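Here's a chain to look over together. Let's ask why its parts get the labels they do.

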Amino acid sequence: MNGATMANENVSVIFKVYCLTVMTLVAATYTVALRYTRTISTEELYFSTTAVCIAEVIKLVLSLGMLTKETRSLIKLKATIQEHIFCSPKELLKLSVPSVVYAVQNNMAFIALSNLDVAVYQVTYQLKIPCTALCTVLMLNRSLNRLQWFSVFMLCGGVSLVQWKPAEATKVQIEQNPVIGFIAIAVAVLCSGFAGVYFEKVLKSSETSLWVRNIQMYLSGIVITLIGVYMTDGDRVMEKGFFFGYTPWVFFVVFLASVGGLYTSVVVKYTDNIMKGFSAAAAIVLSMVASVILFGLQITMTFASGAFLVCISIYLYGLPKQDTSRLTQKDTNLEDKQKLISV
């Protein structure tokens, strides 16, 4: 019996380590690969709006596949799609809100990584934590403890150090504008915080399947990103083609963007905040190493100090809250016993 329990615990630990490793590699590889595709060439640069659109299509196909697996029957799948997609225009409209916000966020990521180094981007993008925390307090009526608020301010201080004198890359072949890059990250962070909390609120407001909600969101996302392609790059896409400038690396970036979000949404329930914090910190370290090797990043003392503060703050923010309800109950029982003794 004990051996079986230990075996289950070992499997659980191995699976959690697997989740942590994949989440870290996806986060680091995606930003490095995206940066690589946006800075190595200026002659045949692909349209980032089309990449975002294709990623939405792949996410929709993958979600349909997962829903098929979940329903285990084509008849049930058809009935589910009929009920929640074709007969629920209000639900589609509700999920169009995060679709718009996520579309903006994904496009901002391309702009940011076209103007900032990967390591700078990874560190600065962690501002999504205080933004998400604020949205959680306002939209879900949750509270943060003192340690979490302290970690939020520490994170902001670390990002300020990183941006005070940004590390520069010596192997980048295009002109960059760090101000535009930082503005793009700021917009992406705001979008990430709001959309994530909004989607969580929608998920918890009903018992509808996660994959159904994803399908509703990605259907809206495809329409919205197509509108973005037309408004931003419509003339050039008509002239040069939808897949102009695409290379195997670009397709790899699109693949990571598609699988990364879906995979994270699935495995997050098997890990805790501490492990997610370690994953984010490890992604920052891997991005720094990759930036030094691939892009000739010159790391400064202020950048290293800021990145270290951000990693520590992520860990502190993810620490579990102390359950004081049981302590309070024990104290109450102790006081009652003392009163009985004194009587």
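Q: Why is proline 248 called exposed?
A: This is a predicted model, and in it proline 248 has a relative accessibility of 68%. Exposed means over 50%, so proline 248 earns the label. You'll find proline 248 in helix α10 (residues 248-267). Its C-alpha sits 9.9 Å from that of threonine 37, though the two are 211 residues apart in sequence.

Q: Why does isoleucine 299 count as partly exposed?
A: Its relative accessibility is 39%. Buried would need under 20% and exposed over 50%, so isoleucine 299 lands in between, as partly exposed. It lies in the loop between β2 (297-298) and α12 (301-318).

Q: What makes Ile299 eligible for a nonpolar surface patch?
A: Patch residues need over 30% relative accessible area, and isoleucine 299 has 39%. Ile299 makes the patch together with Val285, Val289, Val292, Ile293 and Leu294, and it covers about 500 Å².

Q: How do you know that the span of helix α6 is close to the expected one?
A: Helix α6 (residues 128-140) has 13 residues, and at 1.5 Å a residue 18 Å is expected. From first C-alpha to last, α6 reaches 17 Å, which is close to that. Right after α6 comes asparagine 141, with a positive phi near 55°.

Q: What makes a residue of α6 buried, and which ones are?
A: Buried means under 20% relative accessible area. In α6 the buried residues are Ile129, Pro130, Cys131, Ala133, Cys135, Thr136 and Met139. Across the chain's 343 residues, 44% count as buried.

How values were computed: Residues numbered from 1 in each chain as written. Predicted model: local features only at pLDDT ≥ 70, side-chain atom pairs only at ≥ 80, totals over all residues. Heavy atoms only, no water. Patch = residues over 30% accessible without salt bridge, like charges linked within 9 Å, V, L, I, M, F, W, Y side chains within 5 Å. Areas by Shrake-Rupley, 256 points an atom, 1.4 Å probe, with all protein chains shown as cover. Salt bridge = Lys/Arg side-chain N within 4 Å of Asp/Glu carboxyl O. Helix = DSSP H or I, 4+ residues; strand = E, 2+ residues; numbered from the N terminus. Buried < 20%, exposed > 50% of the residue type's maximum accessible area, 1.4 Å probe, protein only. Expected span 1.5 Å × (residues − 1).
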